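Hi everyone, thanks for coming. I'd like to walk you through a structure today, so please have a look at the screen.

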Amino acid sequence: MARKFFVGGNFKMNGTIESIKGIVKNLNDAKLDPNTEVVIAPPALYLLLVREHLKNGIEVAAQNVFDKPNGAFTGEISVSQLKDSGINWTILGHSERRTILGESDKVVASKTKFATEGGISVIWCCGESLEDREAGKTIEVIEKQLAAVSPKIGDWKKVVIAYEPIWAIGTGKVATVQQAQEVHAAIRKWLKANVSETVAAETRILYGGSVNGKNCKELAKEEDIDGFLVGGASLKPEFVDIINASQ
Ligand code: PGA
(Lines give C-alpha, C1' and ligand atoms only; values in the text may rest on other atoms or scores of the structure.)
Protein backbone atom coordinates (compact mmCIF):
# COMPACT_ATOMS: atom_id res chain seq x y z
CA MET A 1 0.00 0.00 0.00
CA ALA A 2 1.44 3.37 -1.00
CA ARG A 3 1.92 5.83 1.82
CA LYS A 4 -0.03 9.05 1.27
CA PHE A 5 2.22 12.11 1.44
CA PHE A 6 1.53 14.05 4.63
CA VAL A 7 2.33 17.67 5.51
CA GLY A 8 1.71 19.11 8.95
CA GLY A 9 1.97 22.78 9.89
CA ASN A 10 2.99 23.50 13.45
CA PHE A 11 2.24 27.16 14.20
CA LYS A 12 3.71 26.82 17.73
CA MET A 13 2.92 29.87 19.92
CA ASN A 14 2.54 32.20 16.96
CA GLY A 15 -0.24 34.15 15.30
CA THR A 16 -3.18 36.41 15.97
CA ILE A 17 -6.83 36.09 14.97
CA GLU A 18 -6.08 38.21 11.94
CA SER A 19 -2.88 36.47 10.82
CA ILE A 20 -4.32 32.98 11.35
CA LYS A 21 -7.43 33.87 9.35
CA GLY A 22 -5.03 34.97 6.59
CA ILE A 23 -3.19 31.63 6.63
CA VAL A 24 -6.52 29.77 6.48
CA LYS A 25 -7.71 31.89 3.56
CA ASN A 26 -4.46 31.26 1.71
CA LEU A 27 -4.90 27.49 2.13
CA ASN A 28 -8.59 27.62 1.20
CA ASP A 29 -7.78 29.49 -2.02
CA ALA A 30 -4.68 27.50 -3.01
CA LYS A 31 -4.48 24.63 -5.42
CA LEU A 32 -3.32 21.81 -3.17
CA ASP A 33 -2.09 18.41 -4.34
CA PRO A 34 -5.06 16.07 -3.71
CA ASN A 35 -2.54 13.31 -2.99
CA THR A 36 -1.22 15.12 0.09
CA GLU A 37 -2.89 14.87 3.48
CA VAL A 38 -2.69 18.28 5.19
CA VAL A 39 -3.06 18.96 8.93
CA ILE A 40 -2.44 22.32 10.59
CA ALA A 41 -1.83 22.92 14.29
CA PRO A 42 -2.63 26.43 15.52
CA PRO A 43 -2.32 27.41 19.19
CA ALA A 44 -5.15 25.92 21.30
CA LEU A 45 -6.92 29.26 21.58
CA TYR A 46 -7.46 29.34 17.80
CA LEU A 47 -8.40 25.70 17.15
CA LEU A 48 -12.12 26.40 16.86
CA LEU A 49 -11.59 29.51 14.74
CA VAL A 50 -9.46 27.52 12.30
CA ARG A 51 -11.88 24.58 12.20
CA GLU A 52 -14.73 26.97 11.49
CA HIS A 53 -13.03 28.74 8.57
CA LEU A 54 -10.83 26.03 7.05
CA LYS A 55 -12.19 24.12 4.06
CA ASN A 56 -13.16 20.48 4.41
CA GLY A 57 -10.41 18.07 3.55
CA ILE A 58 -7.78 19.80 5.64
CA GLU A 59 -7.60 18.59 9.22
CA VAL A 60 -6.76 20.54 12.36
CA ALA A 61 -4.42 19.37 15.14
CA ALA A 62 -3.84 20.46 18.70
CA GLN A 63 -0.19 20.92 19.71
CA ASN A 64 -0.71 18.89 22.88
CA VAL A 65 -3.39 16.97 24.78
CA PHE A 66 -3.62 15.66 28.35
CA ASP A 67 -3.65 12.00 29.36
CA LYS A 68 -6.60 12.12 31.76
CA PRO A 69 -10.36 12.35 31.20
CA ASN A 70 -12.17 15.63 31.88
CA GLY A 71 -11.74 16.82 35.47
CA ALA A 72 -9.65 18.93 37.81
CA PHE A 73 -6.60 19.56 35.60
CA THR A 74 -6.21 23.31 35.38
CA GLY A 75 -4.79 24.53 32.10
CA GLU A 76 -5.11 21.24 30.24
CA ILE A 77 -7.29 20.14 27.31
CA SER A 78 -8.82 16.66 27.03
CA VAL A 79 -9.12 14.21 24.18
CA SER A 80 -12.93 14.33 24.37
CA GLN A 81 -12.87 18.14 24.19
CA LEU A 82 -10.82 17.96 21.00
CA LYS A 83 -13.26 15.46 19.49
CA ASP A 84 -16.19 17.63 20.57
CA SER A 85 -14.60 20.54 18.69
CA GLY A 86 -13.97 18.63 15.45
CA ILE A 87 -10.23 18.45 16.08
CA ASN A 88 -9.11 14.98 15.01
CA TRP A 89 -5.34 15.25 15.44
CA THR A 90 -2.72 16.26 17.96
CA ILE A 91 1.04 16.70 17.90
CA LEU A 92 2.74 14.90 20.81
CA GLY A 93 6.32 14.66 21.99
CA HIS A 94 7.55 17.75 20.20
CA SER A 95 11.11 18.47 21.31
CA GLU A 96 10.07 21.90 22.62
CA ARG A 97 7.69 20.15 25.03
CA ARG A 98 10.23 17.48 25.88
CA THR A 99 13.00 19.99 26.64
CA ILE A 100 11.26 23.20 27.79
CA LEU A 101 8.27 21.60 29.53
CA GLY A 102 10.17 18.53 30.72
CA GLU A 103 7.92 15.89 29.15
CA SER A 104 9.58 12.49 29.51
CA ASP A 105 9.36 9.57 27.07
CA LYS A 106 6.91 8.04 29.55
CA VAL A 107 4.59 11.07 29.65
CA VAL A 108 4.63 11.33 25.86
CA ALA A 109 3.84 7.60 25.58
CA SER A 110 0.95 7.90 28.02
CA LYS A 111 -0.51 10.87 26.13
CA THR A 112 -0.14 8.98 22.85
CA LYS A 113 -2.04 6.02 24.30
CA PHE A 114 -4.80 8.25 25.64
CA ALA A 115 -5.20 10.14 22.38
CA THR A 116 -5.19 7.17 20.01
CA GLU A 117 -7.53 5.14 22.22
CA GLY A 118 -9.86 8.14 22.40
CA GLY A 119 -9.99 8.44 18.62
CA ILE A 120 -7.49 11.26 18.07
CA SER A 121 -4.66 10.70 15.59
CA VAL A 122 -1.16 11.64 16.64
CA ILE A 123 1.83 13.27 14.98
CA TRP A 124 4.39 11.72 17.28
CA CYS A 125 7.76 13.49 17.30
CA CYS A 126 11.21 12.16 18.00
CA GLY A 127 14.72 13.46 17.42
CA GLU A 128 18.23 13.79 18.73
CA SER A 129 20.12 16.78 20.10
CA LEU A 130 23.33 18.05 18.51
CA GLU A 131 25.23 16.54 21.43
CA ASP A 132 23.64 13.12 20.75
CA ARG A 133 24.48 13.34 17.07
CA GLU A 134 28.07 14.36 17.67
CA ALA A 135 28.45 11.48 20.11
CA GLY A 136 27.19 9.08 17.42
CA LYS A 137 24.06 8.31 19.43
CA THR A 138 21.36 9.43 16.99
CA ILE A 139 19.83 6.04 16.22
CA GLU A 140 20.14 4.92 19.84
CA VAL A 141 18.20 7.98 21.07
CA ILE A 142 15.45 7.55 18.47
CA GLU A 143 15.12 3.85 19.22
CA LYS A 144 14.79 4.59 22.93
CA GLN A 145 11.99 7.08 22.18
CA LEU A 146 10.28 4.54 19.90
CA ALA A 147 10.62 1.76 22.48
CA ALA A 148 8.83 3.91 25.09
CA VAL A 149 5.84 4.73 22.91
CA SER A 150 5.44 1.57 20.85
CA PRO A 151 3.85 -0.72 23.48
CA LYS A 152 1.23 1.99 24.14
CA ILE A 153 0.00 2.11 20.55
CA GLY A 154 -2.84 -0.26 19.70
CA ASP A 155 -3.72 1.22 16.33
CA TRP A 156 -0.76 2.40 14.27
CA LYS A 157 -3.12 3.77 11.62
CA LYS A 158 -3.68 6.61 14.08
CA VAL A 159 0.00 7.58 14.21
CA VAL A 160 2.42 9.36 11.94
CA ILE A 161 6.03 9.69 13.08
CA ALA A 162 7.87 12.98 12.72
CA TYR A 163 11.66 12.77 12.84
CA GLU A 164 12.87 16.19 13.93
CA PRO A 165 16.55 16.57 14.77
CA ILE A 166 16.56 19.21 17.51
CA TRP A 167 19.54 21.01 15.99
CA ALA A 168 17.56 21.57 12.79
CA ILE A 169 14.43 23.02 14.39
CA GLY A 170 14.03 26.73 13.83
CA THR A 171 17.73 27.08 13.11
CA GLY A 172 17.67 27.29 9.32
CA LYS A 173 20.06 24.32 9.44
CA VAL A 174 18.18 21.57 7.61
CA ALA A 175 19.41 17.98 7.82
CA THR A 176 20.96 16.80 4.57
CA VAL A 177 18.85 14.51 2.45
CA GLN A 178 21.24 11.67 3.38
CA GLN A 179 21.07 12.42 7.12
CA ALA A 180 17.27 12.44 7.06
CA GLN A 181 16.89 9.35 4.86
CA GLU A 182 19.34 7.41 7.05
CA VAL A 183 17.29 8.00 10.20
CA HIS A 184 13.96 7.44 8.43
CA ALA A 185 15.21 4.09 7.14
CA ALA A 186 16.40 3.19 10.65
CA ILE A 187 12.97 4.02 12.08
CA ARG A 188 11.30 1.83 9.47
CA LYS A 189 13.73 -0.98 10.20
CA TRP A 190 12.99 -0.67 13.91
CA LEU A 191 9.23 -0.82 13.25
CA LYS A 192 9.69 -3.93 11.14
CA ALA A 193 11.73 -5.67 13.82
CA ASN A 194 9.70 -4.56 16.82
CA VAL A 195 6.11 -3.99 15.64
CA SER A 196 5.31 -5.62 12.30
CA GLU A 197 6.15 -5.63 8.64
CA THR A 198 2.77 -4.05 7.82
CA VAL A 199 3.22 -1.20 10.29
CA ALA A 200 6.73 -0.59 8.96
CA ALA A 201 5.44 -0.48 5.39
CA GLU A 202 2.37 1.67 6.08
CA THR A 203 3.43 4.21 8.74
CA ARG A 204 4.25 7.66 7.39
CA ILE A 205 7.58 9.06 8.58
CA LEU A 206 7.82 12.85 8.26
CA TYR A 207 10.91 14.99 8.38
CA GLY A 208 10.84 18.22 10.39
CA GLY A 209 13.45 20.93 10.97
CA SER A 210 13.87 24.06 8.85
CA VAL A 211 11.85 22.68 5.93
CA ASN A 212 11.04 25.43 3.44
CA GLY A 213 9.73 25.98 -0.05
CA LYS A 214 13.22 25.56 -1.47
CA ASN A 215 14.56 22.42 0.23
CA CYS A 216 11.33 20.38 0.34
CA LYS A 217 11.43 18.90 -3.15
CA GLU A 218 14.82 17.21 -2.74
CA LEU A 219 13.82 15.74 0.61
CA ALA A 220 10.45 14.56 -0.73
CA LYS A 221 12.16 12.38 -3.33
CA GLU A 222 13.69 10.09 -0.72
CA GLU A 223 12.16 6.66 -0.38
CA ASP A 224 11.47 6.83 3.34
CA ILE A 225 10.51 10.51 3.63
CA ASP A 226 6.70 10.54 3.48
CA GLY A 227 6.12 14.21 4.20
CA PHE A 228 7.02 17.03 6.55
CA LEU A 229 6.24 18.67 9.84
CA VAL A 230 6.78 22.35 9.20
CA GLY A 231 7.19 25.10 11.78
CA GLY A 232 8.20 28.59 10.65
CA ALA A 233 7.39 28.10 6.97
CA SER A 234 3.84 26.91 7.78
CA LEU A 235 3.05 30.54 8.68
CA LYS A 236 4.08 31.73 5.23
CA PRO A 237 2.59 31.39 1.72
CA GLU A 238 5.42 28.97 0.79
CA PHE A 239 3.64 26.35 2.94
CA VAL A 240 1.58 25.64 -0.20
CA ASP A 241 4.78 24.77 -2.11
CA ILE A 242 5.72 22.34 0.67
CA ILE A 243 2.27 20.71 0.51
CA ASN A 244 2.80 20.27 -3.23
CA ALA A 245 6.42 19.09 -2.87
CA SER A 246 5.84 15.53 -4.03
CA GLN A 247 4.04 16.52 -7.26
P1 PGA B 1 10.85 24.64 11.93
O2 PGA B 1 10.09 23.79 13.06
O3 PGA B 1 10.25 24.21 10.60
O4 PGA B 1 10.55 26.07 12.24
O5 PGA B 1 12.28 24.29 12.02
C6 PGA B 1 9.73 22.45 12.85
C7 PGA B 1 9.01 21.92 14.06
O8 PGA B 1 9.39 22.25 15.18
O9 PGA B 1 8.04 21.15 13.93
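**Around the ligand, then out to the helices**

Let's begin with the ligand: 13 residues surround the ligand, and the closest are K12, H94, E164, G170 and S210. Please keep in mind that this is a predicted model. By character, the shell around the ligand divides into four nonpolar, seven polar and two charged residues.

Which atoms come close to the oxygen atoms of the ligand? From H94, a polar side-chain atom lies 2.6 Å from an oxygen atom of the ligand. From E164, an N or O atom in the side chain is 2.6 Å from an oxygen atom of the ligand. With S210 the backbone takes part: one of its N or O atoms lies 2.8 Å from a ligand oxygen. And the protein covers 95% of the 280 Å² of accessible area that the ligand has on its own.

Now let's see where these residues sit. You'll find H94 in the loop between β4 (89-92) and α4 (95-99). Is H94 buried or exposed? H94 has a relative accessible area of 5%, so it is buried. H94 also has a partner from further along the chain: W124 is 30 residues away in sequence, but the two C-alpha atoms are 7.4 Å apart in space.

S210 is in a loop too, the one between β7 (205-208) and α10 (216-220). Its relative accessibility is 18%, and the cut-off for buried is under 20%, so S210 counts as buried.

K12 belongs to the loop between β1 (5-10) and α1. Here is something for those who like backbone angles. Most residues other than glycine have a negative phi. K12, which is not a glycine, has a positive phi of about 55°. S210 is not a glycine either, and its phi is positive at about 60°.

On to the helices, beginning with α1. This helix has 13 residues, 17-29, and at 1.5 Å a residue it should span 18 Å; the end C-alpha atoms are 18 Å apart, which agrees. Which residues of α1 are buried? They are I20, I23, V24 and L27. Looking down the axis of α1, these buried residues fall within an arc of 95°, so they line one face of the helix. A reminder from the textbook: an α-helix has 3.6 residues a turn, so residues three or four places apart point the same way. On the other side of α1, the exposed residues are E18, K25 and D29.

Helix α7 can be read in a similar manner. For its 12 residues, 138-149, the expected span is 16 Å, and the end C-alpha atoms are 17 Å apart, which agrees. Buried in α7 are T138, V141, I142, Q145, L146 and V149. Down the axis of α7, the buried residues fall within an arc of 135°, so they line one face of the helix. Turned away from that buried side, α7 carries the exposed residues E140 and K144.

Then there is α8, with 18 residues, 177-194: the expected span is 26 Å, and the end C-alpha atoms are 26 Å apart, which agrees. Its buried residues include H184, R188 and W190.

One last stop is T112, in helix α5 (residues 105-117). T112 is buried, with a relative accessible area of 0%. T112 and I123 are 11 residues apart in sequence, and their C-alpha atoms are 9.2 Å apart in space.

That's my tour, thanks for listening!

Technical notes. Residues are numbered from 1 along each chain as its sequence is written. This is a predicted model: local features need pLDDT of at least 70, side-chain atom pairs count only at pLDDT 80 or more; totals for chains, interfaces and linings use all residues. Side-chain values use heavy atoms; hydrogens and water are left out. A residue is near a molecule or strand if one of its heavy atoms lies within 4 Å of it. A polar contact is a pair of N or O atoms within 3.5 Å; within protein, one must be able to donate a hydrogen and the other to accept it, and residues adjacent in sequence count only if both atoms are side-chain atoms. Accessible areas come from the Shrake-Rupley method with a 1.4 Å probe; for residues, only the protein chains shown count as cover. Ala, Val, Leu, Ile, Met, Phe, Trp, Tyr, Cys and Pro count as nonpolar, Asp, Glu, Lys and Arg as charged, and the others, Gly among them, as polar. Helices (H or I, at least four residues) and strands (E, at least two) are DSSP runs, numbered from the N terminus. The expected span of a helix is 1.5 Å times one less than its number of residues. Buried means under 20% relative accessible area, exposed over 50%, partly exposed in between (1.4 Å probe, protein chains only). The arc is that of the directions from the helix axis to the C-beta atoms.
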